[in-house]
There are 2 protein chains.
Amino acid sequence: MTIEIRGSDILAALENQGYRSTLPRREIIENLDKRSDGFTAEDLVRDLPHIGRATVFRTIKLLLEAGIICKLSLINGEPRYSLAHAEHHHHTVCVTCGTIGEFHAGTVERVLRLIGNEVGGSIIGHRIELYISCADCARQNIPVPTAGHTHVS
Amino acid sequence: MTIEIRGSDILAALENQGYRSTLPRREIIENLDKRSDGFTAEDLVRDLPHIGRATVFRTIKLLLEAGIICKLSLINGEPRYSLAHAEHHHHTVCVTCGTIGEFHAGTVERVLRLIGNEVGGSIIGHRIELYISCADCARQNIPVPTAGHTHVS
DNA sequence: GGGGAAGTGAGACTGAGTATCATGACTATC
DNA sequence: GATAGTCATGATACTCAGTCTCACTTCCCC
């Protein structure tokens with residue numbers, strides 16, 4: 001289920017959760033609207049210099065908690081954020097250009113649930129990230145960074 | 001395939017890769033031997049105060065590159081390291097006590113390869129972490145921390 | 001034993017994120 | 001419309017994990 005998200009929807013969602021609609025928040029959300037393929041907190045800080053660093057991070061935390069954006073990490077561990085276009089999804093991350101994609105994998109979910117039974121205890125959540133060299137980068141033959149552990153466990 | 005790893009094996013592996021066997025490295029590796037369920041860089045820095053911070057981090061990086069340890073993150077993003085006992089595996093992380101476990105999931109691997117084909121581009125690697133409340137914590141009824149997004153995408 | 005490469009330690013620095021706190025903006029109530 | 005209380009903001013200092021630099025030391029081979 002893919003959902004087209006607009007800034008106004010995000011604002012409405014936040015207001016529903018009891019948060020105020022303030023100018024800095026509106027500006028940050030508008031800025032997010034333009035970013036389809038992942039961004040860093042520093043991107044926002046740089047783009048919106050009149051908004052305090054702390055406010056940017058606070059708003060990111062808010063949006064994370066509201067499930068509007070999600071946090072993931074590049075193959076080297078660098079944090080990235082991305083607008084969540086779907087209810088439940090996972091990410092592909094291009095190791096060369098950093099572009100973030102989404103995918104759905106009901107099968108994987110089911111297998112993980114089975115594994116959870118074997119492991120003992122109860123499953124709280126999971127994190128799946130697929131590191132790829134995206135079609136564009138592969139076409140341009142951009143060399144894949146020789147990260148020490150390309151298979152990240 | 002589970003492998004019992006001893007400090008001497010690790011050292012030999014490093015030497016094979018052209019790294020010298022030095023006192024700080026031997027001490028760090030010996031210290032790892034005692035840690036079955038994950039550790040942080042700060043744990044090592046604290047345990048080995050006569051070894052420089054930079055050296056600890058340098059050695060961790062070395063061991064990561066050699067595939068002897070692996071890096072993962074708790075549900076809140078805190079970094080953790082763990083001895084890699086098997087060729088290819090994934091981790092379970094207890095969200096309450098932080099204990100790290102391992103599991104194998106050929107099915108998941110296969111599904112991810114299929115997804116890679118759909119996504120376009122070529123797969124470089126993947127990261128799968130299963131967040132659980134481990135058997136011990138579940139038995140003791142320790143409440144699971146209400147992380148904003150328990151399903152980490 | 002000597003020389004050169006590899007490794008170390010101290011400490012400054014970076015990048016991501018949090019804490020604090022005085023100030024400013026909203027909102028509900030009168 | 002004034003007011004009070006709550007929520008949000010910005011500046012700034014701080015933390016935490018990790019990196020960089022550089023002079024010094026250790027290791028290994030000849």
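Here are three short exercises on this predicted model, each with a worked solution.

Residues are numbered from 1 along each chain as its sequence is written, while chains are lettered from A and ligands numbered from 1 in the order in which they are written. In this predicted model local features need pLDDT of at least 70, side-chain atom pairs count only at pLDDT 80 or more, and totals for chains, interfaces and linings use all residues; side-chain values use heavy atoms, with hydrogens and water left out.

**Exercise 1. The surface near DNA strand C**

Work out which residues come nearest to DNA strand C, and which of its atoms they meet.

Step 1. A residue is near the strand if one of its heavy atoms lies within 4 Å of it. Of the 21 residues around DNA strand C, A:Glu42, A:Arg53, B:Thr22, B:Thr55 and B:Arg58 come nearest. Sugar and phosphate make up 59% of the strand's atoms within 4 Å of the protein.

Step 2. Sort the residues of this surface: nine are nonpolar (Ala, Val, Leu, Ile, Met, Phe, Trp, Tyr, Cys, Pro), eight charged (Asp, Glu, Lys, Arg) and four polar (the others, Gly among them).

Step 3. Look at individual atoms. The side chain of B:Thr55 has an N or O atom 2.8 Å from a phosphate oxygen of DNA strand C. For B:Gly52, a polar backbone atom is 3.1 Å from a phosphate oxygen. B:Arg58 instead has a side-chain N or O atom 2.8 Å from a base nitrogen.

**Exercise 2. The setting of B:Asn31**

Decide whether B:Asn31 is buried or exposed, and find its partners.

Step 1. B:Asn31 is found in helix α2 of chain B, where a helix is a DSSP run of H or I with at least four residues and a strand a run of E with at least two, numbered from the N terminus.

Step 2. B:Asn31 counts as buried because its relative accessibility is 5%; buried means under 20% relative accessible area, exposed over 50%, and partly exposed in between (1.4 Å probe, protein chains only).

Step 3. Beyond neighbours within four places in sequence, B:Asn31 is in contact (heavy atoms within 4.5 Å) with B:Leu44, B:Asp47 and B:Leu48.

**Exercise 3. A hairpin in chain B**

Describe how β1(B) and β2(B) are arranged.

Step 1. The two strands run antiparallel and are joined by five bridges; strands pair if DSSP finds at least two bridges between them.

Step 2. B:Lys71 stands opposite B:Tyr81 in β2(B).

Step 3. Five residues lie between the strands of this hairpin, and B:Gly77 in the turn has a positive phi of about 95°.

Technical notes. A polar contact is a pair of N or O atoms within 3.5 Å; within protein, one must be able to donate a hydrogen and the other to accept it, and residues adjacent in sequence count only if both atoms are side-chain atoms.
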